[in-house]
Amino acid sequence: MPGPLQISGSVSIPETELQWRFSRSSGPGGQGVNTTDSRAELSFDLAATESLPPLLKTRALERLASRLTGGVITIAASEFRSQLRNREAAGMRLAQLLREAVAPPPKKRRPTKPSRGAVERRIAAKKQRSDLKRLRREI
């Protein structure tokens, strides 16, 4: 997957800021599993990047603080037998993680209260139900 890693419409990470490591995967693969470096590890130095605007960078650093090691985030993929597919999976996972981390915070909920008519209808329905149950009782 050559080229920049696309995060959103205007934000992308150049390939030069991504570090790849490959190692032997513990997953399926038969005899080839012992000779093929199919596990892919993608590292991205979030603290030192210049590709993210300052606001998005601070937001991502705050939200991903528990996953960072020295400002670097690492994603490992070994679910496929092919190194190429593991590279694609790691890239997609990193992009999704960063997309969620730089997303704007949700709007604050503005508390509302029910209208007077809605309150009156609710009370009337409760009274009707209460009367119905009262009439069913044995006296």
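This is a guided tour of one protein chain, moving from the whole fold to a central strand, the nonpolar core, a loop and the salt bridges.

Start with the whole chain in a ribbon view, and keep in mind that what you see is a predicted model. Three helices and five strands make up the secondary structure, and if you follow the ribbon along the sequence you will meet them in the pattern β-β-β-β-α-β-α-α. The radius of gyration is 27 Å, well over the 14 Å that the globule rule gives for 139 residues, so the chain is more spread out than a compact globule. Turning the model, you can compare this with the C-alpha trace, which spans about 85 × 45 × 25 Å along its principal axes. If you switch on a surface, its accessible area comes to about 10,100 Å², of which 54% belongs to carbon and sulfur atoms, while 28% of the 139 residues count as buried.

Next, select strand β4, residues 39-45, where five of the seven residues are buried. On one side, add strand β3, residues 18-23, which runs antiparallel to β4 and is joined to it by six bridges; then add strand β5, residues 72-77, which also pairs with β4 in the antiparallel sense, over six bridges. Which residues stand opposite Ser-43 in these two pairings? In β3 it is Gln-19 that faces Ser-43, and in β5 the bridge partner of Ser-43 is Thr-74.

Now show the side chains of the largest nonpolar core, which has 24 residues, and begin with Phe-44, Leu-46, Leu-64, Leu-94 and Leu-98, since these touch the most other members. As you colour the core by element, you will find that β4, α1 (54-63), β5 and α2 (83-102) each supply at least two of its residues, and that α2 gives the largest share, with eight. Centre the view on Leu-94 and, leaving aside its neighbours within four places in sequence, look for its contacts with Leu-5, Leu-18, Leu-42, Phe-44, Ile-73 and Ile-75. As a general background to this stop, nonpolar side chains tend to be buried together in soluble globular proteins.

From the core, move to Ser-8, which lies in the loop between β1 (5-6) and β2 (12-13). Ser-8 is partly exposed, with a relative accessible area of 30%. If you draw a distance from its C-alpha atom to that of Ala-65, which is 57 residues away along the chain, the viewer should show 21 Å.

The last stops are salt bridges, of which the structure holds six. Select helix α3, residues 116-136, and find Arg-116 and Glu-120, which lie four residues apart in this helix, about one turn. The closest N and O atoms of this pair are 3.5 Å apart; Arg-116 is exposed, with a relative accessible area of 69%, whereas Glu-120 is partly exposed at 47%. Further along α3, Asp-131 and Arg-134 are three residues apart, and they form a salt bridge with the closest N and O atoms at 3.3 Å. Asp-131 is partly exposed at 24%, and Arg-134 is also partly exposed, at 44% relative accessibility. Elsewhere, salt bridges that share partners join Arg-21, Arg-39 and Glu-41 into one network. Finish by zooming in on Glu-41 and Arg-39, whose side chains meet at 2.7 Å, N to O: is each of them buried or partly exposed? Glu-41 is buried, with a relative accessible area of 16%, while Arg-39, at 25%, counts as partly exposed.

Note on methods: Residues are numbered from 1 along each chain as its sequence is written. This is a predicted model: local features need pLDDT of at least 70, side-chain atom pairs count only at pLDDT 80 or more; totals for chains, interfaces and linings use all residues. Side-chain values use heavy atoms; hydrogens and water are left out. Buried means under 20% relative accessible area, exposed over 50%, partly exposed in between (1.4 Å probe, protein chains only). Two strands pair if DSSP finds at least two bridges between them. A nonpolar core is a set of buried Ala, Val, Leu, Ile, Met, Phe, Trp, Tyr and Cys residues joined through side-chain atoms within 4.5 Å. Contact means heavy atoms within 4.5 Å. The radius of gyration is taken over C-alpha atoms; the globule rule is 2.2 Å times the number of residues to the power 0.38. Accessible areas come from the Shrake-Rupley method with a 1.4 Å probe; for residues, only the protein chains shown count as cover. A salt bridge is a side-chain nitrogen of Lys or Arg within 4 Å of a carboxyl oxygen of Asp or Glu.
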